[in-house]
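Here's a quick walk through one protein model, written for someone who would rather look at the fold than at a table. Keep the viewer open and follow along.

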Amino acid sequence: MPDTPHVIIEGEIYLLLAEAKVMKMASVSLVAEITEAGYDAIVITTNQPSPILRNLYKKAGIDPKSIWYIDAITRYSLGKDPDDDLMTTYINHPSNLTEMGIAVTTILKKMEGKKACIVLDSVSTMLIYLPSQNISKFMHFVTNRLRLAGVAGVFLAAEKGLDPDLLNQLTTFVDSVIEE
């Protein structure tokens, strides 16, 4: 669990490496910090279904109106969308990076004029569905998209869950690496 708060700077991109056993709590702490700093969070989840995250964030006292979701796991797991939440865009499969990229662009357009921070939870989980080089290409696209839009981003990963080449590439894409 993160001990110290981190300052999210508008337009900066971070890689947060946490122990696998504390990833869920690191996500909750991170989203709380982001929303308390006046940002709306856009959570891209390949790890936990958005209804689960929504409940976790609600229990932590995080305003649900300040969190948008791009959920790449629920439709894949259930075979359908679980609800009609206007704050959630469901992706067919965690490997559908094109659909994920379109969802990011669409939500950023809806949020124009607001402070936004993308949270990708988690890069490590994406490795179940995609080869490292595809993830690296997608992360390069996302970081450049965020930089051009002046939007902050945080990518969560299990600290020992990435191969060294992918970790090196991600490190070159971000402004700072935070180790929990």
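What follows covers the sheet, one helix, the salt bridges and an unusual peptide bond.

## The sheet

Bear in mind that this is a predicted model. Its sheet is open and has 7 strands, which run in the order β4-β3-β2-β5-β6-β1-β7 with parallel pairing. β4 and β7 sit at the edges, each pairing on one side only. From one strand to the next, the twist averages 15 degrees.

Now zoom in on β1 and β6. Strand β6 takes in residues 152-158, and it pairs with β1 in the parallel sense over 6 bridges. Look for Leu 16, which stands opposite Leu 156 in β6. Helix α6 packs on the sheet here, touching β1, β5 and β6, and its direction makes about 155 degrees with that of β6.

## Two faces of α7

Which residues of α7 are buried? Leu 166, Leu 170 and Phe 173 are. They cover an arc of only 55 degrees around the axis, so they end up on the same side of α7. As a rule, an α-helix has 3.6 residues a turn, so residues three or four places apart point the same way.

Turn α7 around and you'll find Pro 164, Asp 165 and Thr 172 exposed on the other side. As for the buried residues of α7, they pack against β1 (13-18), α5 and α6. There's also a polar detail at the start of the helix: a side-chain oxygen of Asp 163 comes to within 3.1 Å of the backbone nitrogen of Asp 165.

## Salt bridges

How many salt bridges does the model have? The count comes to 4. In general, side chains of opposite charge can pair when their charged atoms come close. Here are three of them, one at a time.

Take Lys 114 and Asp 40, whose side chains meet at 3.6 Å, N to O. Lys 114 is in the loop between α4 (97-110) and β5 (116-121), while Asp 40 belongs to strand β2 (residues 40-45), so this pair links distant parts of the chain, 74 residues apart. Is Asp 40 buried or exposed? Asp 40 is buried, because its relative accessible area of 12% falls under the 20% cut-off.Next comes Arg 54 with Asp 85, a salt bridge of 3.0 Å, N to O. Arg 54 lies in helix α2 (residues 50-59) and Asp 85 in the loop between α3 (74-78) and β4 (88-90), so the pair ties together parts that are 31 residues apart in sequence. Arg 54 counts as partly exposed at 21% relative accessibility, and Asp 85 is partly exposed too, at 24%.

The third is Arg 147 with Asp 175, where the closest N and O atoms are 3.1 Å apart. Arg 147 comes from helix α6 (residues 132-149) and Asp 175 from the loop between α7 (164-173) and β7 (176-179), a link across 28 residues. Arg 147 is partly exposed at 34% relative accessibility, and Asp 175 is partly exposed at 36%.

## A cis peptide bond

Most peptide bonds are trans. Where does this model have a cis one? Check the bond from Asp 121 to Ser 122, which is cis with omega near 5 degrees. Ser 122 lies in the loop between β5 and α5 (123-129).

Definitions and conventions. Residues are numbered from 1 along each chain as its sequence is written. This is a predicted model: local features need pLDDT of at least 70, side-chain atom pairs count only at pLDDT 80 or more; totals for chains, interfaces and linings use all residues. Side-chain values use heavy atoms; hydrogens and water are left out. Helices (H or I, at least four residues) and strands (E, at least two) are DSSP runs, numbered from the N terminus. Buried means under 20% relative accessible area, exposed over 50%, partly exposed in between (1.4 Å probe, protein chains only). The arc is that of the directions from the helix axis to the C-beta atoms. Contact means heavy atoms within 4.5 Å. A polar contact is a pair of N or O atoms within 3.5 Å; within protein, one must be able to donate a hydrogen and the other to accept it, and residues adjacent in sequence count only if both atoms are side-chain atoms. Two strands pair if DSSP finds at least two bridges between them. Axes are lines fitted to C-alpha atoms, for helices over the stretch in contact, and angles run from 0 to 180 degrees between N-to-C directions.
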